[in-house]
Every structure is written in C-alpha cells, then in structure tokens.
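Please open the model in your viewer, keep the sequence beside it, and be ready to select residues by number. The tour below moves from one selection to the next and says what is found at each stop.

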Amino acid sequence: MAVEHGIHTIDTAFQRDHFDAAYLVVQDGRGAFIDCGTTLAVPRMLECAAQAGLQPADIDWLILTHVHLDHAGGAGALMQQLPDARLVVHPRGAPHMIDPERLVAGATAVYGEQEMARSYGQIVPVPAERVVVAEDGHRVSLAGRELLCIDTPGHARHHNCIWDETSRSWFTGDTFGLSYRELDGPHGSFIIPTSSPVQFDPEALHASIDRLMQNAPDGMYLTHYGRVGDAARLAAQLHEQIDAMVLIARRCDGLPDRHTVLSEALTALYVAQLRKAGNPLDELMVRRVLGMDIELNTQGLECWLDRDRR
C-alpha cells in the first residue's frame, strides 16, 4: 500500500494475506507501531521498520488498540526486540500484557494447544515498568506528533482507538468494523461490524462509532483490513447492520439450533447488503471471505444474548 503521512501498513499474515494489519507511524526518524499481530508477525514488523529506515532503537512506542491476540499476541516478543520502546494499552488490557496467563488459557480453551502454536506462537509477558496505561484522553508524543487514545467500548471493554491529527485519521482496531478489499464494490468499500466474543455491547458500539465521527475523519485504519475513506457512509452502514444483527439474534434466541440458524441469518444479511451495494460476489465467495468472521460474530451475539438475559 502507498505510504501517506508516514503511515505504513503491515500485513501480519495472520490466517491469510490482507486479513490482519498492523501499522508503523514514522515521524522525523522515530517510529510507533500500532498493534502488532501475533508473535509470528514480529519479523514482518521489524522488516517494515528497516525498510522505513529505522533501527529497533528508533521505535519509541507500541500502541495497542486492545489485547485480542490477533492485535496484541506478539506484543511481548516484539518488545524484546525494541530496547527503548514502551507499550501503551487500555487500563483493562494492561494486566493481561504484564501477565498473559489468563489470556493464553482462555484462547487455548477455545482453539486448542496445536492451533495456538500454529496461529499465534509463544505469548510472552511485557515487563510492568515498560507498560503505559492509557486512560481515556491519554496523549502520546511521537517526535512531537500527537497520537490521542480514547476509550471506545462495544467490541471489547478494553478497547482504545487512536487519533492522528496529522493524517486526520483514526486507528480503529475493531471498533469501526472490518472491510476486506475482496468486498469492495462500485460504490467503494463495504463494511460489517465485528461482534466477536465475549464483550460485544451494541449500545456502547453505536456510541463509540458516533464518537469517532465527531472528528470528521479523512480516513480509518482498520485492522481488518487497511485504510478506508468515506467514513460517514461506512458509519451509517455499521449502525444499520448492528441493529439488524441484534434483531436477528433476538429472533433466534431460544431456538434449539440457535447457533446454526443465527449463523445462516447473518450470512444472508451480509449477502443481501453486498448485493444492495452492487457487489457481484456470489454467496460461496462471501462465505469464503467472511466465514471466520461470521462464526465469530455468531458466537459474540450468543454471548451477548446470554449475558443480557442474566
């Protein structure tokens, strides 16, 4: 991808190409990584820095949007290679970076040890003295370039988005959904919310999206995947789909085959929305591109239904 405003997109190669991005922001010979993918992505992160003319000692910051492993699993291993960097993370995420035992245990329970090793590699802690807790409104200076961290729950309660005034863009993690280039159509990017388990909160997500839009951003740098423009149109699409997903989930609740029916209904929703946007992809290709995300969205909506009922 083209480098604009010193922002480099790094394909972490998690699961497949052009699925999971991290970013390097370069300002006057200093660097900040935003998210880092898994431990297996560390060589790619360092290679990007080298191609940008930076040595590991030139990296001042690793800023995490949140601590889900596709965003932050490699943080400890990467920090071992960055002698002077500090890690910036949401207050709820900081304990899991300092001691990732619970994070690893939870993921292993879901994926199994073999898949954890294959997809994520070894997850190592970050020394507490190198961790900076980013409360809402925390500001990071990169050679005088200000990066603002704001609390944006909805996808996860430990989620920050990062505002870069220089590019007038947000680094959105998963708060502003996911948008793959295979789904682009004649009217531009197509986007869907991500409700993956276990902390999806539709009301909070609506509010977080609205908060991002208050800055009238020129662009959004998504983890899944890359920069998108036309943020106002995409925000409206996200709001519409969050409501549609919630309605579908409520209609499926209580069914004996809830998971299967909910998954199929989400697939039908996304196919219909793509066709409405003029995208010619057939259902088979939609399932191929969005299969993992549909499964995670289904699980997350089920977690929300069960939590809401309690």
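Helices in this tour are DSSP runs of H or I with at least four residues, numbered from the N terminus, and strands are runs of E with at least two. Please keep in mind throughout that this is a predicted model.

Begin with helix α8, by selecting residues 231-252. At 1.5 Å a residue, its 22 residues should span 32 Å, and since the C-alpha atoms at its ends are 31 Å apart, the helix agrees with that expectation. Next select Gly254, which follows α8 and has a positive phi, near 90°.

Now turn to the inside of the model, where a search of the whole structure finds 1 cavity of 30 Å³ or more. The volume of this largest cavity is about 40 Å³. To show its lining, select Ala21, Tyr23, Ile34, Asp35, Thr65, Phe171, Thr172, Gly173, Tyr221, Leu222 and Thr223. Which strands each supply at least two residues of that lining? They are β2 (21-27), β10 (169-173) and β11 (219-222), and the largest share, 3 residues, comes from β10. If you colour the lining by character, you should find 6 nonpolar residues, 4 polar ones and 1 charged one.

Stay with this lining and look at its rings. The whole structure holds 8 aromatic pairs according to the search. One of them is formed by Tyr23 and Tyr221, which meet edge-to-face, with 5.3 Å from centre to centre and 80° between the planes. This pair links distant parts of the chain, as Tyr23 belongs to strand β2 and Tyr221 to strand β11, 198 residues apart. Are Tyr23 and Tyr221 buried or exposed? Both are buried.

Keep Tyr221 selected and add Phe171. The centres of these two rings are 5.0 Å apart and their planes lie at 25°, so the pair is stacked. Here too distant parts of the chain are linked, with Phe171 in strand β10 and Tyr221 in strand β11, 50 residues apart. Phe171 counts as buried because its relative accessibility is 1%, while Tyr221, at 4%, counts as buried as well, the cut-off being under 20%.

Another lining residue to select is Leu222, which also has its place in strand β11 and, at 0% relative accessibility, counts as buried. If you then add Leu281 and draw a line from C-alpha to C-alpha, the distance in space is 22 Å, for a separation of 59 residues in sequence.

For the next stop, select Phe14, Phe19, Tyr120 and Tyr180, which ring pairs link into a cluster. Add Arg16 to this view, and you will find that Arg16 lies over the face of Tyr180, at 4.8 Å from the ring centre.

Finish at the largest pocket, which holds about 1,000 Å³ of space. Its lining consists of 34 residues, and those to select for its centre are His68, Leu69, Tyr111, Pro197 and Val198, which lie nearest to it. Helices α2 (69-72), α5 (101-111) and α10 (283-309) each supply at least two residues of this lining, and α5 gives the largest share, 6 residues. Coloured by character, the lining of the pocket divides into 14 nonpolar, 12 polar and 8 charged residues.

Conventions
Residues numbered from 1 in each chain as written. Predicted model: local features only at pLDDT ≥ 70, side-chain atom pairs only at ≥ 80, totals over all residues. Heavy atoms only, no water. 1 Å grid on protein atoms, 1.4 Å probe; cavity = no way out; pocket = protein on both sides within 12 Å on 5 of 7 lines; lining within 4 Å. Points joined across faces, edges and corners; volume = space filled by probe spheres on them. Nonpolar A, V, L, I, M, F, W, Y, C, P; charged D, E, K, R; others polar. Phe/Tyr/Trp six-rings, centres within 6.5 Å; stacked < 30°, edge-to-face > 60°. Buried < 20%, exposed > 50% of the residue type's maximum accessible area, 1.4 Å probe, protein only. Lys NZ or Arg CZ within 6 Å of the ring centre and 35° of its normal. Expected span 1.5 Å × (residues − 1).
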